[in-house]
Amino acid sequence: MGLTIFYWIVLLSTFVGIYYLGTKTDLKLWARVIIALVAGAILGFIFGDLAASSKWIGDLFVRFIRMLVVPLIFTSLVAGVVSMGDPKRLGSIGVKTIALYMLTTLFAIIIGLVLGTLFKPGMGIELTGVDPFTMGSSSMSVADRLFGIVPTNPISSLAKGDVLPIIFFSILLGIGIILGGEKTKALGDVFSAAAEAVLKIAHMVMQMAPYGVLSLIAWVAGTMGLSALQNLFVLTVILYVGCLIHIIFVYGGLIRFIARLPLSNFFKGILDAQAVAYSTSSSSATLPVTLQCVQDNLGVKKTVASSVLPLGATINMDGTALYLGIVALFSAQIFGVELTFADYLLIAMTATLTSIGTAGIPSASLFLLATVLSVIGISDAQTALIVGFVLPFDRILDMARTVVNISGDATVSVLVAKSEGELNETEYRNESVI
């Protein structure tokens, strides 16, 4: 009991220190979030399981962010379509967005397969004693996902938080407002005002980020610690290295050589979103933060940001695709499955398709493994063993995957904005970020 009280005294003292940095100095929010990440890791390793007692603070922060996801997607996407003034521009932006997302996903798959082949993370691992994980039967085929984009009841989709149907209906509603001309102009103004109001709320919620991030990282470090990585150390290192390669060379290369913009401003501008993504492991929960960072720090105008980012949070899962490629080879190596070049192509194609529309929630990609592994002859029983082995440690793996996903969303939004003349380069190059 005394140790618990001491933990809370230390935790609250750390909170006070972070609050002081935010109010009495010029330290930016992203810097405070990074400090909170480090402080949370230290507290977690020192106090161990006691850190779980403060997890509710992080959960509360995530609930605040999740509260904003549906209204933010709905209002900002409708307002973004209306602000274009011409449905043809929406088609231009949509084609560029989807093409770039597919391109970066292809690179992610290649990186995952190359690293899995070179370092062989599954060699020498025995699954004796591992309890198989019972896989649910609710997984949807790619065709079902595509068919489900059209909502039978848009209000029901809003209530359930079904993102793809919400995006589809929002785009149609925005086009309808444009086609309505003067008769529907007032409705367009309402959505523009609503989107601005929700963004203001998101800005207020983001001030809680350092405290939520600190609590979540303390919980992860305290309950899992370094010992959690012992059996999966090689797989974890390979995944993290792959994520870094993808972020630095693929996203960085696109920003530097295609958009011809400085990299330091880009990565500094999305640090807040990356920190929140790392702590929450949820692309959807991070969406309000990503929108704010891209618009306020990178100079992407709302016209593009409100169209590209909600779509990216749903279909752009580069981290998931990279992970599925590595784990497919990991599984094949454990069970002694010899892979041909055709198998590699099947893994790449299946991982790309299954990563599209993956739920933006923690560990969702684990439940797509059965689809990917089945194409290389791994049985359902063997897949259940793999999931049972990886699941207890997947939070640490998922944190890295989510950072890749939201970094890709930001990259594509900058590239599309640049090509459409919707990027404020003066704001992008401004060193003063939130």
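The legends below describe close-up views of a predicted model.

**Figure 1. Overall fold of the predicted model.** The protein contains 20 helices and zero strands. Of its 434 residues, 53% count as buried. Among contacts with a separation of 6 or more, 86% are accounted for by residues 24 or more positions apart. The exposed area of the protein is about 18200 Å², and carbon and sulfur atoms supply 68% of that area.

**Figure 2. Helix H2 and its cover.** Helix H2 spans residues 29-47, which makes 19 residues. From first C-alpha to last, H2 reaches 26 Å, close to the 27 Å expected at 1.5 Å a residue. The buried residues of H2 are Leu 29, Ala 31, Arg 32, Val 33, Ala 36, Leu 37, Ala 39, Gly 40, Leu 43, Gly 44 and Phe 47. Cover for these buried residues includes helix H1 (2-24), helix H8 (185-206), helix H9 (209-223) and helix H12 (271-280). Just after H2, Gly 48 adopts a positive phi of about 60 degrees.

**Figure 3. The nonpolar cores.** The largest nonpolar core holds 107 residues, of which Phe 266, Leu 298, Val 300, Phe 330 and Val 414 touch the most other members. Helix H19 (residues 394-420) contributes the largest share of this core, with 13 residues. A second, separate core of 13 residues includes Phe 15, Ala 39, Ile 57 and Leu 214. One of these, Ala 39, is also listed among the buried residues of H2. In soluble globular proteins, nonpolar side chains tend to be buried together.

**Figure 4. Surroundings of Leu 298.** This view is centred on Leu 298, one of the residues that touch the most other members of the largest nonpolar core. Neighbours within four places in sequence are left aside here. Beyond them, Leu 298 is in contact with Asn 265, Phe 266, Gly 269, Ile 270, Cys 293, Val 414, Leu 423, Asn 424 and Tyr 428. Two of these partners, Phe 266 and Val 414, are likewise named among the core residues that touch the most other members.

**Figure 5. A nonpolar patch on the surface.** Leu 103, Leu 106, Phe 107, Ile 110, Val 114, Leu 118 and Phe 119 make a nonpolar surface patch of about 650 Å². Val 114, one of the patch residues, lies in helix H4 (residues 87-119). Val 114 counts as partly exposed because its relative accessibility is 41%.

**Figure 6. Salt bridge between helices H19 and H4.** Six salt bridges are found in a search of the whole structure. In the one shown here, Glu 420 pairs with Lys 96, and the closest N and O atoms are 2.7 Å apart. The pair links distant parts of the chain, with Glu 420 in helix H19 and Lys 96 in helix H4, 324 residues apart. Glu 420 is buried, with a relative accessible area of 16%, whereas Lys 96 counts as partly exposed at 29%.

**Figure 7. Salt bridges within helices, and a network.** Within helix H8, the side chains of Asp 189 and Lys 185 meet in a salt bridge with an N to O distance of 3.4 Å. Because Asp 189 and Lys 185 are four residues apart in helix H8, about one helical turn separates them. Asp 189 is partly exposed, with a relative accessible area of 42%, and Lys 185 is partly exposed at 44%. An α-helix has 3.6 residues a turn, so residues three or four places apart point the same way. In helix H19, Arg 401 and Asp 398 are three residues apart and are therefore separated by about one helical turn. The closest N and O atoms of their salt bridge are 2.9 Å apart. Both Arg 401 and Asp 398 are buried. Elsewhere, salt bridges that share partners join Lys 418, Glu 425 and Arg 429 into one network.

**Figure 8. Loop residues with positive phi.** Phi of Lys 120 is near 45 degrees, a positive value in a residue other than glycine. Lys 120 lies in the loop between H4 and helix H5 (142-147), and is partly exposed with a relative accessible area of 42%. Arg 260, which is not a glycine either, has a positive phi of about 55 degrees. The loop that holds Arg 260 runs between helix H10 (233-258) and helix H11 (263-269). Arg 260 is exposed, with a relative accessible area of 61%.

How values were computed: Residues are numbered from 1 along each chain as its sequence is written. This is a predicted model: local features need pLDDT of at least 70, side-chain atom pairs count only at pLDDT 80 or more; totals for chains, interfaces and linings use all residues. Side-chain values use heavy atoms; hydrogens and water are left out. Helices (H or I, at least four residues) and strands (E, at least two) are DSSP runs, numbered from the N terminus. Buried means under 20% relative accessible area, exposed over 50%, partly exposed in between (1.4 Å probe, protein chains only). Contact means heavy atoms within 4.5 Å. Accessible areas come from the Shrake-Rupley method with a 1.4 Å probe; for residues, only the protein chains shown count as cover. Patches are made of residues with over 30% relative accessible area and no salt bridge: like charges are joined within 9 Å, nonpolar side chains (Val, Leu, Ile, Met, Phe, Trp, Tyr) within 5 Å. A salt bridge is a side-chain nitrogen of Lys or Arg within 4 Å of a carboxyl oxygen of Asp or Glu. The expected span of a helix is 1.5 Å times one less than its number of residues. A nonpolar core is a set of buried Ala, Val, Leu, Ile, Met, Phe, Trp, Tyr and Cys residues joined through side-chain atoms within 4.5 Å.
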